[in-house]
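Good morning, colleagues. Please take a moment to look at the sequence and the model on the screen, and then let us go through them together.

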Amino acid sequence: FETVDHGGNWHKATMNADWVGKNAGGCPQPANKNSMYNPQFLLKTTRPAHVFVTLEQGKVGMKSGRIAHEDLTSIAVFVMKLKGKRLGSGIYGGMQANSAPFINSALVTCDMTNLGVEQEGYTICCTTFEKAQEAGLCLTVYSDAPFDPSCLVKNAETGQMMLTRMYHEQETPKKDGKCFPQSR
């Protein structure tokens, strides 16, 4: 994708995080209460857009990059319409798109050719299939429409814009996000 910064049509936002400890919640399903702690991010665009999401796994604390096949865990990314809230412990509705099925791959993608504008935004949930499977993650979102500034924060190290991380109530929000209630 050629980004606006390089003369192209795509706006890009990237976020690095980890599935570690409580944040390695596993598959969102009602029987798995830990899944509500998976890393989640807020997405808003300024107009209906073609949005393409990539979720790449790496070593814990690693920004991104290749890892050995034996270190991979099954991953997926879900884009949900949840009125600006975090996904709770199960997917009950509001699914806009996903990369499913869960796959043991370094990279999964999700393509939405006409994602509508939602005032509260969309929730992107990055998840492993099994809980307590630790790995690093790099979420990158491309959009042919500008992102709504309310869903972006500036990375202090790189100066690039990244999506706001939606922290759960038991986490202390960092400079990259805000605390949002669960959806269920």
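The accessible surface of the chain amounts to about 8,800 Å², and carbon and sulfur atoms account for 49% of that area. I should say at once that this is a predicted model. Of the 184 residues in the chain, 51% count as buried.

Let me turn to the overall dimensions. Along the principal axes, the C-alpha atoms occupy a box of roughly 40 × 35 × 30 Å. How does the radius of gyration agree with that of a compact globule? For 184 residues, such a globule would have a radius near 16 Å, and the chain has 15 Å, so the two agree.

Next, the secondary structure. The chain has zero helices and 13 strands, so that its pattern, read along the sequence, is β-β-β-β-β-β-β-β-β-β-β-β-β. As for the contacts between residues at least 6 apart in sequence, 73% of them join residues at least 24 apart.

Two buried strand residues illustrate such contacts. Leu42 sits in strand β2 and is buried, at a relative accessible area of 4%. Beyond its neighbours within four places in sequence, Leu42 is in contact with several residues, including Glu120, Gly121, Tyr122, Leu163, Met166 and Phe180. Leu42 and Arg165 are separated by 123 residues in sequence, and their C-alpha atoms are 6.4 Å apart in space.

The second residue is Thr140, in strand β9. Is Thr140 buried or exposed? Its relative accessibility is 8%, so Thr140 counts as buried. With neighbours within four places left aside, Thr140 is in contact with Lys12, Ala13 and Thr14, and also with Phe52, Val53 and Thr54.

I now come to the charges. The chain carries 19 positive and 17 negative charges, and the mean positions of the two sets are 6 Å apart. How many salt bridges are there? The count comes to three.

In one of them, the side chains of Asp144 and Arg47 meet, with 3.9 Å from N to O. Asp144 belongs to the loop between β9 (135-143) and β10 (152-154), and Arg47 to the loop between β2 (40-43) and β3 (49-58), so this pair ties together parts that are 97 residues apart in sequence. Asp144 is partly exposed, with a relative accessible area of 27%, and Arg47 is also partly exposed, at 38%.

Another salt bridge joins the side chains of Lys81 and Glu118, at 3.3 Å from N to O. Lys81 is in the loop between β4 (74-80) and β5 (95-98), while Glu118 is in the loop between β7 (107-115) and β8 (122-128); the pair therefore ties together parts that lie 37 residues apart in sequence. Lys81 counts as partly exposed, at 40% relative accessibility. Glu118 is likewise partly exposed, with a relative accessible area of 22%.

There remains the pair of Glu171 and Arg165, whose side chains meet in a salt bridge at 3.6 Å from N to O. Are these two residues buried or exposed? Both Glu171 and Arg165 are buried. We have already met Arg165, as the residue whose C-alpha atom is 6.4 Å from that of Leu42.

Finally, I would draw your attention to some details of the backbone. Which peptide bond is cis? The bond from Ala100 to Pro101 is cis, with omega near 10 degrees. Pro101 is placed in the loop between β5 and β6 (103-104).

Positive phi values also deserve a word. Lys83, a residue other than glycine, has a positive phi, near 55 degrees. Lys83 is found in the loop between β4 and β5, the loop that also holds Lys81 of the salt bridge with Glu118. With a relative accessible area of 65%, Lys83 is exposed.

Ala132 has a positive phi as well, near 70 degrees, and is again a residue other than glycine. Ala132 lies in the loop between β8 and β9 and counts as exposed, at 56% relative accessibility.

To conclude, this predicted model shows a chain of 13 strands and zero helices, with three salt bridges and a cis peptide bond from Ala100 to Pro101. Thank you for your attention.

Methods
Residues are numbered from 1 along each chain as its sequence is written. This is a predicted model: local features need pLDDT of at least 70, side-chain atom pairs count only at pLDDT 80 or more; totals for chains, interfaces and linings use all residues. Side-chain values use heavy atoms; hydrogens and water are left out. Helices (H or I, at least four residues) and strands (E, at least two) are DSSP runs, numbered from the N terminus. The radius of gyration is taken over C-alpha atoms; the globule rule is 2.2 Å times the number of residues to the power 0.38. Buried means under 20% relative accessible area, exposed over 50%, partly exposed in between (1.4 Å probe, protein chains only). Contact means heavy atoms within 4.5 Å. Accessible areas come from the Shrake-Rupley method with a 1.4 Å probe; for residues, only the protein chains shown count as cover. Lys and Arg count as positive and Asp and Glu as negative; His and the chain ends are not counted. The place of a charge is taken as NZ of Lys, CZ of Arg, CG of Asp or CD of Glu. A salt bridge is a side-chain nitrogen of Lys or Arg within 4 Å of a carboxyl oxygen of Asp or Glu.
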